[in-house]
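Ready for a few short exercises at the bench or the screen? Open the structure, try each task on your own, and then walk through the solution.

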Amino acid sequence: MKFSYNWICELVEGVQVSPKELGHLITMKTAECEAVEPFGEHLAKVCAARVVEAEPIPGTRNKKVLVNTGRYGLKTVVCGAPNCRPGMTSAYVPAGVALPGGEIRCLEISGVVSDGMLASGAELGVNRDAEGILELLAEPGEPIPGCRPDWVLEIDNKSITHRPDLWGHLGLAREVAAILRLPLRDPVRLDWLPEAAADLEIEILNDELCPRYSALTFEMVSVQSSPLWLAYRLETIGLNPINNIVDVTNYIMAELAQPMHAFDRDTLRGNTIFVRTAAPGEFLVALNGETYKLDPATVVIADARGPVAIGGVIGGLDTGIVAGTRRIVLESANFHASSIRKTSGRLKLRTDASMRFEKGQDPANTVRGLARAIELFQEISPGIRLSGGLADAKRELPPPPRIALELDWMERKLGREVAREQVVEILRALAFGVEEESPRRLLVSVPSWRATRDVSIKDDLVEEVGRMVGYDSITPQAPLIPSAPPPANELRTFHHAVREMLAAQGFTEVYNYSFVSEETARRFGFDPAEHVAVLNPIASDQGLLRKSLVPGIWKNLLDNSRHFDSFRLFEIGYEIHKRPGELPDEIDHLAAAVYEREGDGRPGLFELKRLAECLMPGCEVRPASARPFEHPARSWELRWRECALGRLFELHPTLAAGRAAVLDVDLRKMRELGPPPKRYQPLRRFPSSAFDLSVVAGLRDLAGDIEKRLVELAGENLESIRFLRQYSGPPLPEGKQSLTWRLSVFAADHTLTAEEVGAIRARLIDGLRAAGYDLRL
Amino acid sequence: MMEKELEALAARALERIEAAGSPEELEAVRIEVLGRKGALARFSKQLGTLAPEERARVGRILNSAKEQLERSFEARKEAFHRRALEQRLEAEWFDLTLPAPGPRPGSLHPVTQVQREIEEVFLSMGFTVLSGPEVETEYNNFDALNIPPDHPARDVQDTFWVEGGHLLRTHTSPVQVRGMERLGPPLRMIAPGRVFRNEEVDASHEHTFYQLEGMMVDREVSVAHLVYFMKQMLSAVFRREVSVRLRPGYFPFVEPGFELDIRCLICGGSGCAVCKYNGWLEQLGCGLVHPNVLRMSGIDPEEWMGFAFGLGLTRLVMMRYAIDDVRLFQSGDLRFLMQF
């Protein structure tokens with residue numbers, strides 16, 4: 001939202017601070033001022049100039065013109081404007097001045113050196129008229145009337161969504177007046193309003209959606225260009241001047257935050273304005289030329305025939321102001337904020353009016369806007385007159401309840417003291433009514449323009465006082481609170497520990513999106529219907545929520561394999577599993593991967609197995625039936641403490657070139673299982689004895705099974721077991737392998753004799769043979 | 001007579017010990033002189049032939065010669081050992097500038113790292129760290145935070161809706177609601193986490209990013225306390241004393257609400273490209289918890305007060321490391337991630 005510094009200065013008496021300083025103060029006390037930029041800087045050097053002579057330059061449309069510029073003396077310029085004639089007063093731009101369209105230089109045109117130029121309103125950026133040079137009522141050398149250099153303060157729209165009043169200059173001026181402790185000048189004089197009876201009926205059929213509809217009727221209207229001051233002011237704040245009538249409505253909107261609309265009364269059917277919701281099938285061709293289909297949630301302004309405007313959003317084309325308009329109906333209404341917001345969203349049409357109404361405008365403001373319009377119309381449309389009194393339909397709204405403000409409580413909230421007199425002064429400067437009920441308790445009434453949604457509770461008043469005394473006046477202070485360790489978050493502690501370990505083992509952490517595309521889900525053999533679906537994705541890869549981290553890891557593998565021959569990465573993230581009737585189950589998982597472009601893939605899997613053992617001492621892998629994205633002969637289930645909690649597999653070779661080992665663990669299960677309880681075992685007091693056993697087994701017999709059998713068989717005599725080597729080849733028969741372990745055995749209460757060791761060994765050998773294994777002895 | 005021979009023998013043996021060129025040679029001398037059948041042994045056998053007085057005297061001389069020889073023998077032996085060790089050690093030199101085997105060190109995601117730092121700061125000040133789900137109820141994400149269905153603030157936060165009437169949380173603030181409902185007052189908590197906004201992605205916009213939310217609810221909680229904690233946190237994050245300022249900001253779940261800026265760390269406030277020449281950098285939104293928010297979570301706002309803040313973690317990390325493209329965070333690109 002753009003604000004004119006000059007305009008604010010007209011509304012606040014005696015502003016001495018610079019535009020930049022004002023922008024800073026507004027940022028610190030009211031709303032974020034994003035930029036303070038000069039506007040119309042060049043106008044300081046442009047002046048009125050009288051055309052003394054204008055002689056056509058043969059063979060061109062240009063004239064060689066001698067002008068009396070007052071300030072700059074007599075100048076010769078070349079001018080091609082059709083309206084350039086001796087005796088007229090126009091605007092002279094000296095050479096060296098930068099206009100919005102570029103810098104003016106001394107140029108030879110049609111054989112004549114033009115020392116500066118005479119300019120049109122469009123060239124000066126004060127209106128849109130490019131037909132001819134400006135015609136002014138001013139003496140040579142004087143500035144262009146109503147067109148002083150200005151500054152634009154740009155306020156961040158997001159920072160004033162809660163402040164309907166700040167969508168007009170008067171609202172911001174009131175803040176400035178309060179900040180600078182200067183008097184505010186209200187431009188509205190309600191005594192302009194006529195007392196006569198209205199010559200127009202207004203019927204509001206839904207006063208929830210339209211609490212108030214006020215209108216005035218005018219006749220003897222002359223539609224023409226706005227005076228320079230008005231057009232220039234609109235240009236300054238980024239609005240497009242159109243004609244005097246429309247410009248006044250826009251001017252009042254920018255001044256009072258009250259959107260208005262003018263209808264050509266001769267195009268309206270009947271003498272009653274209806275405010276109602278649209279009937280099915282109704283549509284409107286709007287001022288912007290678009291046709292809008294209306295639905296029954298939309299508020300329309302209608303005449304006897306049908307909709308003539310979408311209430312609070314845009315007027316209709318057929319009933320708009322045109323050059324020949326003679327009689328108008330001037331609407332100044334109030335609409336329900338969220339209804340306007342929804343309509344504007346539905347129609348994908350945000351207008352200056354809808355932007356204001358959706359903030360919750362003040363119903364009391366409608367007639368203020370009309371009063372202001374009467375005054376302005378007198379000036380810009382000579383001969384105009386009211387054809388009737390004020391038409392004003394409204395729902396009576398109760399005055400907002402007063403708010404009791406305990407000053408002690410307020411000071412506790414702010415963390416500093418504020419003198420009662422200062423609180424009262426601040427609130428009154430912001431137009432709150434203050435009654436001092438007791439020395440430490442105020443009764444505060446809220447001005448109507450703050451009461452629509454912004455201010456309703458005492459906390460809101462803390463803000464008013466706090467921002468005006470200045471938050472930088474509050475000294476940071478440590479609270480007095482009991483010191484105690486905060487409740488632990490085991491999930492986070494656990495995740496951080498896992499992360500630390502992974503990073504220490506050479507794995508780099510990635511973050512992947514929570515989304516997966518339907519296509520990728522299918523590629524991994526997941527049923528898209530089992531995923532939580534996103535209802536309004538903007539990209540096709542956001543269609544579903546991931547229920548596995550593996551597709552994300554797969555993408556990381558593909559992407560990084562373009563840059564690296566070998567790498568390790570991991571992610572800790574949430575699998576999102578659908579649960580009918582409640583929020584999805586979000587299960588934290590660890591996915592880690594080792595990629596090697598070359599090799600047989602075993603080292604990666606072994607590395608991940610070792611990693612799993614670091615995380616879960618004693619975990620084991622069991623053969624698993626491969627899922628579609630897993631290497632069919634290299635898919636293992638990870639078990640720990642009797643519980644399956646993950647997978648260790650090689651990615652299916654069709655998914656990635658090279659070898660990609662992947663570990664996927666359910667961290668929630670891992671956390672719930674926790675490490676087995678630790679208990680001290682007395683140190684062994686008698687020496688142990690070691691021997692090796694070589695077991696001959698089939699090539700796909702699992703070493704893990706054999707070792708488990710050995711452990712069982714050795715029972716309480718086992719001190720340790722260590723795998724030594726695996727061998728296949730002669731003299732072993734085809735299809736056989738030899739697996740060798742070294743076992744240490746002991747007894748708790750004596751040193752084992754050679755015979756006892758022999759007996760244990762024999763027990764193991766017998767046991768293995770019984771299980772169908774041979775031994776190489 | 002024997003005495004003279006003994007002296008000559010000892011002198012010769014000493015010379016040979018000194019002259020021995022190898023441990024083997026030295027050992028040969030030892031056997032010859034000090035061995036069981038060596039020269040000194042032969043002398044001691046001859047002692048018996050001497051008169052008792054003479055025997056004692058020569059015996060002492062013999063012992064002293066033996067001790068002297070043994071000492072020099074040991075010294076010489078030790079010298080050989082030392083030299084052998086020195087030679088071995090010298091030969092064991094190798095080039096440790098060669099790369100170590102095994103994987104290179106990995107690294108944690110930069111957001112993880114900064115998040116943990118902030119967690120530690122708050123843990124040390126008695127705040128607990130809470131987590132919440134990525135998929136949230138509309139109630140927790142909006143209604144319970146004083147953002148009713150027709151509130152304009154819902155427009156600002158473009159929302160991903162998912163089936164079942166739920167949504168991907170648009171901020172970490174719903175964890176406030178969960179924290180208040182679960183732990184009740186008094187409460188000091190932070191909640192870092194992943195949040196979602198349904199918008200187009202470019203170098204400065206992401207649909208997935210990280211926030212860190214914080215809240216304190218107690219009997220006495222003021223703006224002064226809020227600023228205190230924010231200063232503590234930001235000074236810890238930026239590892240130096242930072243100046244902060246509060247200015248009005250609007251967030252439906254706080255009243256009053258603030259934007260908190262820090263004095264630009266690059267220019268110190270004099271104005272530079274990073275702070276867009278205004279000397280201050282917007283850091284976070286904060287405020288005193290709106291009484292509606294307390295009430296909706298079953299906390300009586302007449303008895304309890306609170307502050308809350310929300311920090312753009314992703315943005316903070318970008319600032320810390322001068323990262324200019326927000327898409328890198330979820331790219332999984334190790335060329336980026338391994339820099340941290």
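## Exercise 1: Salt bridges and burial

Glu650(A) has a relative accessibility of 3%, so this residue counts as buried. Keep in mind that the model is a predicted one.

**Task.** Find out which side chain meets Glu650(A) in a salt bridge, and decide whether Arg659(A) is buried or partly exposed.

**Solution.**
- Step 1. Glu650(A) pairs with Arg659(A), at 2.7 Å from N to O.
- Step 2. The relative accessibility of Arg659(A) is 27%, and this residue therefore counts as partly exposed.
- Step 3. Now look at another pair: Asp600(A) and Arg602(A) form a salt bridge at 3.3 Å, N to O. Asp600(A) counts as partly exposed, with 35% relative accessibility.

## Exercise 2: A bridge across the sequence

**Task.** Asp186(A) and Arg368(A) share a salt bridge; work out which parts of chain A the pair ties together.

**Solution.**
- Step 1. Check the contact: the side chains meet at 2.9 Å, N to O.
- Step 2. Place the partners. Asp186(A) sits in the loop between helix H4 (169–180) and strand S13 (201–204) of chain A, and Arg368(A) in helix H9 (residues 365–380) of chain A, so the pair ties together parts that are 182 residues apart in sequence.
- Step 3. Compare with the cut-offs: buried means under 20% relative accessible area. Arg368(A), at 18%, counts as buried, whereas Asp186(A), at 36%, is partly exposed.
- Step 4. Put the pair in context: over all chains, the structure holds 77 salt bridges.

## Exercise 3: A network beside a cavity

**Task.** How many cavities of 30 Å³ or more are there, and which residues line the second largest cavity?

**Solution.**
- Step 1. The count comes to three cavities of 30 Å³ or more.
- Step 2. The second largest cavity has a volume of about 70 Å³. Its lining is made of Thr30(A), Ser159(A), His162(A), Arg163(A), Arg450(A), Asp454(A), Glu463(A), Glu464(A), Arg467(A), Pro248(B), Gly249(B) and Tyr250(B).
- Step 3. Sort this lining by class: two residues are nonpolar, four polar and six charged. Helix H12 (residues 458–469) of chain A gives the most, with three residues.
- Step 4. Look for salt bridges: Arg163(A), Asp165(A), Glu175(A), Arg450(A), Asp454(A), Glu464(A) and Arg467(A) are linked in a network. Among the lining residues, Arg163(A), Arg450(A), Asp454(A), Glu464(A) and Arg467(A) belong to this network.

## Exercise 4: The largest cavity

**Task.** Which residues lie nearest the centre of the largest cavity, and which elements each supply at least two residues of its lining?

**Solution.**
- Step 1. About 320 Å³ of space lies in this cavity.
- Step 2. Its lining has 21 residues, with Arg492(A), Arg499(A), Tyr574(A), Arg194(B) and Tyr210(B) nearest the centre.
- Step 3. Helix H13 (490–504) and strand S31 (566–577) of chain A, along with strand S5 (187–196) of chain B, each supply at least two lining residues.
- Step 4. By class, the lining of the largest cavity has six nonpolar, seven polar and eight charged residues.

## Exercise 5: An open pocket

**Task.** Describe the second largest pocket: which residues are closest to its centre, and which helix gives the most to its lining?

**Solution.**
- Step 1. The second largest pocket holds about 1700 Å³ of space. It is lined by 35 residues, and Phe606(A), Lys609(A), Trp636(A), Leu702(A) and Ala703(A) are the closest to its centre.
- Step 2. H18(A) gives the most to this lining, with six residues.
- Step 3. The lining of the second largest pocket contains 18 nonpolar, five polar and twelve charged residues.

## Exercise 6: Inside or outside?

**Task.** Decide whether helix H7 (residues 337–347) of chain A is largely enclosed, and whether Trp93(B) is buried or exposed.

**Solution.**
- Step 1. Eight of the eleven residues of H7(A) are buried, so this helix is largely enclosed by the rest of the structure. The buried ones include Ile340(A), Arg341(A) and Leu347(A).
- Step 2. Just after H7(A), Lys348(A) takes a positive phi of about 50°.
- Step 3. Trp93(B), with a relative accessible area of 66%, is exposed. This tryptophan is found in the loop between helix H4 (52–91) and helix H5 (110–124) of chain B.
- Step 4. Together with Phe94(B) and Leu96(B), Trp93(B) forms a nonpolar surface patch with about 460 Å² of accessible area.

Definitions and conventions: Residues numbered from 1 in each chain as written. Chains lettered and ligands numbered in written order. Predicted model: local features only at pLDDT ≥ 70, side-chain atom pairs only at ≥ 80, totals over all residues. Heavy atoms only, no water. Patch = residues over 30% accessible without salt bridge, like charges linked within 9 Å, V, L, I, M, F, W, Y side chains within 5 Å. Areas by Shrake-Rupley, 256 points an atom, 1.4 Å probe, with all protein chains shown as cover. Salt bridge = Lys/Arg side-chain N within 4 Å of Asp/Glu carboxyl O. Helix = DSSP H or I, 4+ residues; strand = E, 2+ residues; numbered from the N terminus. Buried < 20%, exposed > 50% of the residue type's maximum accessible area, 1.4 Å probe, protein only. 1 Å grid on protein atoms, 1.4 Å probe; cavity = no way out; pocket = protein on both sides within 12 Å on 5 of 7 lines; lining within 4 Å. Points joined across faces, edges and corners; volume = space filled by probe spheres on them. Nonpolar A, V, L, I, M, F, W, Y, C, P; charged D, E, K, R; others polar.
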